[in-house]
Amino acid sequence: MKDIVVEFKNVTKIYKLFKNDKKRLLGLLFKRVAHKEKRAVNNASFSIKRGESVALFGKNGAGKSTILKMITGVTFPTTG
């Protein structure tokens, strides 16, 4: 029972934060629209084997929910 069911290797998620909705729309069309970047997950690596129990814990803003969203496919990593 050594099957790996979830594997993350050097996964990073960066969110682009725009000043308003108009800038966000322009950001979809053009690359040079001003924005700030928020790194939610930085270079996370782990694997989960079949039958293992896993817990995620940490401070607020540590990226726990973002990791769960990437595992379930709700959001996708920027790199990794």
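Helices (H or I, at least four residues) and strands (E, at least two) are DSSP runs, numbered from the N terminus. With that in hand, let's work through three exercises on this predicted model, where local features need pLDDT of at least 70, side-chain atom pairs count only at pLDDT 80 or more, and totals for chains, interfaces and linings use all residues. Residues are numbered from 1 along each chain as its sequence is written, and side-chain values use heavy atoms, with hydrogens and water left out.

**Exercise 1.** Find the strand that holds N10, and describe its phi.

Solution. Start with the place: N10 sits in strand β1, residues 4-17. Next, look at the backbone: phi of N10 is near 50 degrees, a positive value in a residue other than glycine. Finally, check the surface: N10 has a relative accessible area of 45%, so it is partly exposed (buried is under 20%, exposed over 50%, partly exposed in between, with a 1.4 Å probe and protein chains only).

**Exercise 2.** Do the same for N43, then find which side chain reaches its backbone nitrogen.

Solution. N43 belongs to strand β2, residues 36-49. Its phi is positive, about 60 degrees, although N43 is not a glycine. N43 counts as partly exposed because its relative accessibility is 47%. Now the partner: the side chain of T12 reaches the backbone nitrogen of N43 at 3.1 Å. T12 lies in strand β1 and is buried, with a relative accessible area of 8%.

**Exercise 3.** Is K23 buried, partly exposed or exposed?

Solution. First locate K23 in helix α1, residues 21-29. Its relative accessibility is 34%, so K23 counts as partly exposed.

Technical notes: Polar contact = N/O pair within 3.5 Å; in protein donor to acceptor, adjacent residues only side chain to side chain.
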